[in-house]
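Work through the exercises below with the sequence and the model at hand. Try each task before you read its solution.

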Amino acid sequence: MDSKLYFVTVVAVIHDTNGRILVLKRRDNEAIYPSMYTFPGGKIEGFENVEEALYREVLEETGLKLKTGKILLKDKTIMRPDGQVSQSFSYLCEVESTENILISDDFTDYKWVRLNDLPNISHVGIEEELEKSEKILQSGIDLNMLKTKSVKADLRK
């Protein structure tokens, strides 16, 4: 078990031009949520800010490049089966292109889905993120008005 008190994880809820959301299928041998669909994401490492972690994780897991800015959809605290606590944040994100997805070995498949597709796939509990994403995308609002950008502050000086 890791010696950290808790992990901070970020996930990217990525949409295409048709308002569908990208989900990835976890490997069958995963300790947590095997064979279930989820969003790309992972742990914040070192002195990364949220945006840097999102960018890195999305690039590693899908080959896609995120645009700057994100919209917070959900935060939750998770007690993992190994006893570790994870604070997780889900963000609506945009990518430069939705073409040429190259999923990493951590996943076995990907799909573009809408909220009404969820009853047909095994997933990790992503209804709230999809519902909020659909409402935002269908509202017609300029997403840039809602986006936030991450900053770093070194207070050791």
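**Exercise 1. State how much area the protein chain exposes and what share carbon and sulfur atoms supply.**

Solution. The exposed area is about 9,200 Å². Carbon and sulfur atoms supply 49% of it. Such areas come from the Shrake-Rupley method with a 1.4 Å probe; for residues, only the protein chains shown count as cover.

The model is predicted: local features need pLDDT of at least 70, side-chain atom pairs count only at pLDDT 80 or more, and totals for chains, interfaces and linings use all residues. Residues are numbered from 1 along each chain as its sequence is written, and side-chain values use heavy atoms, with hydrogens and water left out.

**Exercise 2. Find the share of buried residues in the protein chain.**

Solution. Start with the cut-offs: buried means under 20% relative accessible area, exposed over 50%, partly exposed in between (1.4 Å probe, protein chains only). Of the 157 residues, 42% are buried.

**Exercise 3. Examine the salt bridges of Glu 30 with Arg 26 and Arg 27.**

Solution. First, the criterion: a side-chain nitrogen of Lys or Arg lies within 4 Å of a carboxyl oxygen of Asp or Glu. Arg 26 meets Glu 30 at 3.1 Å, N to O. Arg 27 also pairs with Glu 30, at 3.1 Å. Next, check burial. Arg 26 and Glu 30 are both buried. Arg 27 is partly exposed, at 27% relative accessibility.

**Exercise 4. Which residue forms a salt bridge with Glu 94?**

Solution. The partner is Lys 147, with the closest N and O atoms 2.5 Å apart. The two residues are 53 apart in the chain. Both Glu 94 and Lys 147 are buried.

Terms used:
Helices (H or I, at least four residues) and strands (E, at least two) are DSSP runs, numbered from the N terminus.
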